[in-house]
Amino acid sequence: MQILDGRKIANDIKDEIAGVVSTLRSNNKKAPHLAAILVGDDGASETYINAKVKACERVGFRSTLIRLKEDVSEDKLIDHIRNINLDSDIDGLIVQLPLPGHIDEIKVKQAIIPSKDVDGFHPENVGKMALNLPTYLPATPAGILELLTRYNIDISGKHCVVIGRSHIVGSPISILLARNSSPGNATVTLTHSRTKNLKEITNKADILIVALGKSSFVTSDMVKKGVCIIDVGISRIKSSKTKSGWKLLGDVDFESVKEKASFITPVPGGVGPMTIAMLLKNTLISSLK
Ligand code: NAD
């Protein structure tokens, strides 16, 4: 079994990006600039947004973090987005999800101008992705493809099973895996909460991508020998053994499946760091346009 070391690959990508930024700077060009909006004070969202801001610093990007109160109105949030859309100094804009219940996520995604939508969530960019046209690929699915590519794991003709059909992970990764392009050309089965005989399906997977948000859900009896497992899930579980009082668990019961898998991503240190690296890559692409 080989660990797919997302932390190491993400660091390699950050080094590559930092190299491009340094060349830009020495040619008197501006550094890429990412803006992020955080609504409310959810602990997990705070952690993710801080990691993104820190990653910007690491590669020499500028970043602007706008913090809005939990009870901010949808109109006020969209005003902030419109201002950033018009600000020629800012290359990319992300709004940290999830948003409070009174705000319509779809409206917010649609308010971001597609050219700055470095999360790749705007319907125009999702459509381009589905049609195999150049666009910003959503960061987590793009990170998964990049990880597979850098470990020379060929997906063409393989049976990929995806658990979870969210708009940010399950649905887009299933589209990307099946596209007629490289990487792509996989045979994809997309499963979800209404799927019957899940275990029968996952046992046929050459590559299993798990994104449902239930810790240690996938166990050894659900996978075949030699499977490549990508664990996207992150659950914060209270722990008395860590300094923070939390520990992170994936959707896969790592200890039980590790002997059967040929490749597996750890949690933490697998898909998470790759997601941030891909966000930086999209922001760089936007700044070079
Ligand atoms: P979500 O919470 O929006 O949706 C969960 C999906 O799982 C749904 O499509 C549902 O149908 C499916 N599901 C639920 N129970 C199921 C079951 N018993 N069998 C089969 N399918 C079932 O999903 P999300 O936003 O993609 O998040 C999933 C997990 O991935 C979460 O833990 C989240 O924190 C994590 N995540 C990690 C990253 C990263 O960078 N590593 C990025 C995004 C999300």
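A polar contact is a pair of N or O atoms within 3.5 Å. The structure used in these exercises is a predicted model.

**Exercise 1. Polar contacts of the ligand**

Find what the ligand touches through polar atoms of I234, T275 and H192, and state how much of the ligand the protein buries.

Solution.
1. Start with I234: one of its polar backbone atoms is 3.0 Å from an oxygen atom of the ligand. This distance falls within the 3.5 Å cut-off.
2. Go on to T275, where a polar side-chain atom lies 2.7 Å from a ligand oxygen.
3. At H192 the partner is a nitrogen atom of the ligand, 3.5 Å from a backbone N or O atom of the residue.
4. For the area, the ligand taken alone exposes 860 Å², and the protein buries 74% of that.

**Exercise 2. The shell around the ligand**

Describe the residues around the ligand by number, class and source.

Solution.
1. Count the shell: 21 residues surround the ligand, and the closest are R165, S166, S193, I234 and T275.
2. Sort them by class: ten are nonpolar, nine polar and two charged.
3. Look for the main contributor: helix α10, residues 271-287, gives the most, with three residues.

**Exercise 3. The sheet**

Which strands stand at the edges of the six-stranded sheet, and why is one side of each left without a neighbour?

Solution.
1. Write down the order of the open sheet: β1-β11-β8-β7-β5-β6, with parallel pairing.
2. Read off the ends: β1 (2-3) and β6 (187-191) have a single partner strand each, so one side of each has no neighbour in the sheet.
3. Check the β6 end: β5 (residues 159-163) runs parallel to β6 and is joined to it by five bridges. Within this pair, V162 has L190 of β6 as its bridge partner.

**Exercise 4. Backbone features in loops**

Locate the cis peptide bonds at P98 and P183, and the positive phi at N185.

Solution.
1. L97 and P98 are joined by a cis peptide bond, with omega about 0°. P98 belongs to the loop between β4 (92-95) and α4 (105-111).
2. A cis bond also joins S182 and P183, again with omega about 0°. P183 is in the loop between α7 (170-178) and β6.
3. N185 is placed in the loop between α7 and β6. Its phi is near 60°, positive although the residue is not glycine.

**Exercise 5. Aromatic rings**

What sits over the rings of F121 and W246?

Solution.
1. Over F121 sits the charged end of K109, 5.3 Å from the ring centre.
2. Over W246 sits the charged end of R236, at 4.3 Å from the ring centre.
3. As for ring-to-ring pairs, the structure holds zero aromatic pairs.

Terms used. Residues numbered from 1 in each chain as written. Predicted model: local features only at pLDDT ≥ 70, side-chain atom pairs only at ≥ 80, totals over all residues. Heavy atoms only, no water. Near = heavy atom within 4 Å. Polar contact = N/O pair within 3.5 Å; in protein donor to acceptor, adjacent residues only side chain to side chain. Areas by Shrake-Rupley, 256 points an atom, 1.4 Å probe, with all protein chains shown as cover. Helix = DSSP H or I, 4+ residues; strand = E, 2+ residues; numbered from the N terminus. Nonpolar A, V, L, I, M, F, W, Y, C, P; charged D, E, K, R; others polar. Phe/Tyr/Trp six-rings, centres within 6.5 Å; stacked < 30°, edge-to-face > 60°. Lys NZ or Arg CZ within 6 Å of the ring centre and 35° of its normal. Pairing = 2+ DSSP bridges.
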